[in-house]
Amino acid sequence: IEAFLEKNRHSVSVPISLLRDEFKSYSENLVALAIESLLGEGTHVTSGDSVSLVNRSVSLTTEEEALRVKVLRVIEGSGLRGLKKDELKSSCASDGATFTEIISLLIRGGEVLLISNEFFFSRTAVDDLKSLVYEYADASEDRVIDVSVFKSLTGLSRKYAIPLLEY
């Protein structure tokens, strides 16, 4: 676990499935017992389907933090007009592994949402949209909102409206 986290310094945890694959020559019960032992020692914790060191956090270099802020600002600036990955790369003038890791970090941190496996949206923009939709529904008699009402309420085209409604 420590070796994986050292190699993947932008990761907070190790998927349990990866541990099972890494130790596939051992029985699943033995791997589960080893994980339970680490948890019992208090040096590791689980979260969902992953294992991490207690108090594990990700630290970014100055350049990585600057890129994180830039990516987040670009996504926030797009509002409810989500950006595709290529559009985001172009807007940030960045590419490569670090760019991809920063996006993953923002998604894991809950600041960015990937909707329909295509568009990146700011969590804040989507939360504000939810509030707007709930306000509209509370004011209407039947609490029904269809695509055309949603589009007129938000000013969005079908390209963005459908993925957001499906989300």
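How many salt bridges does the count come to in this predicted model? The count comes to five salt bridges, and among them are three that are described here together with the exposure of their partners, before the text turns to helix packing, a surface patch and one contact distant in sequence.

**Salt bridges**

| Pair | Closest N to O distance |
|---|---|
| Glu-65 and Arg-68 | 3.0 Å |
| Arg-68 and Glu-111 | 3.4 Å |
| Glu-118 and Lys-84 | 3.0 Å |

Glu-65 and Arg-68, whose side chains meet in a salt bridge, both belong to helix 4 and stand three residues apart, about one turn of the helix. Their exposure can be stated for each partner: Glu-65 has a relative accessibility of 30% and counts as partly exposed, whereas Arg-68, with a relative accessible area of 17%, is buried, because buried means under 20%.

Arg-68 also forms a salt bridge with Glu-111, with the closest N and O atoms 3.4 Å apart. This pair links distant parts of the chain, since Arg-68 is in helix 4 while Glu-111 is in the loop between helix 6 and strand 4 (112–115), 43 residues apart. Glu-111 is partly exposed, at a relative accessible area of 32%.

A further salt bridge brings together the side chains of Glu-118 and Lys-84, at 3.0 Å from N to O. Glu-118 is in the loop between strand 4 and strand 5 (119–122) and Lys-84 is in the loop between helix 4 and helix 5, so this pair ties together parts that lie 34 residues apart in sequence. Both partners are partly exposed, Glu-118 at 33% relative accessibility and Lys-84 with a relative accessible area of 31%. Salt bridges that share partners join Glu-65, Arg-68 and Glu-111 into one network, and Arg-68 is the residue that pairs with Glu-65 and with Glu-111.

**Helix packing**

Two packed helices are described by the angle between their axes and the distance between those axes. Helix 5 (residues 85–92) and helix 6 (residues 97–108) pack at an angle of about 115°, their axes being 12 Å apart. That angle makes helix 5 roughly perpendicular to helix 6, and the crossing of these two helices is right-handed.

For helix 7 (residues 123–139) and helix 8 (residues 147–154), the axes come within 11 Å and cross at roughly 120°. Helix 7 and helix 8 are therefore oblique to each other, because angles of 65 to 115 degrees count as roughly perpendicular and this angle falls outside that range. The crossing of helix 7 and helix 8 is right-handed.

**A nonpolar surface patch**

On the surface, Phe-23, Tyr-26, Leu-30 and Leu-33 form a nonpolar patch, which together has about 410 Å² of accessible area. One of these residues, Tyr-26, lies in the loop between helix 2 (16–22) and helix 3 (28–41), and Tyr-26 is partly exposed, with a relative accessible area of 47%.

**Gly-77 and Ala-125**

Gly-77 is found in helix 4, which covers residues 62–77, and this glycine is exposed, with a relative accessible area of 68%. What separates Gly-77 from Ala-125 in sequence and in space? The two are 48 residues apart in sequence, while their C-alpha atoms are 9.5 Å apart in space.

Technical notes
Residues numbered from 1 in each chain as written. Predicted model: local features only at pLDDT ≥ 70, side-chain atom pairs only at ≥ 80, totals over all residues. Heavy atoms only, no water. Patch = residues over 30% accessible without salt bridge, like charges linked within 9 Å, V, L, I, M, F, W, Y side chains within 5 Å. Areas by Shrake-Rupley, 256 points an atom, 1.4 Å probe, with all protein chains shown as cover. Salt bridge = Lys/Arg side-chain N within 4 Å of Asp/Glu carboxyl O. Helix = DSSP H or I, 4+ residues; strand = E, 2+ residues; numbered from the N terminus. Buried < 20%, exposed > 50% of the residue type's maximum accessible area, 1.4 Å probe, protein only. Axes fitted to C-alpha atoms, helices over the stretch in contact; angles between N-to-C directions. Parallel < 35°, antiparallel > 145°, perpendicular 65-115°, else oblique. Left-handed = near helix turned anticlockwise from the far one by under 90°.
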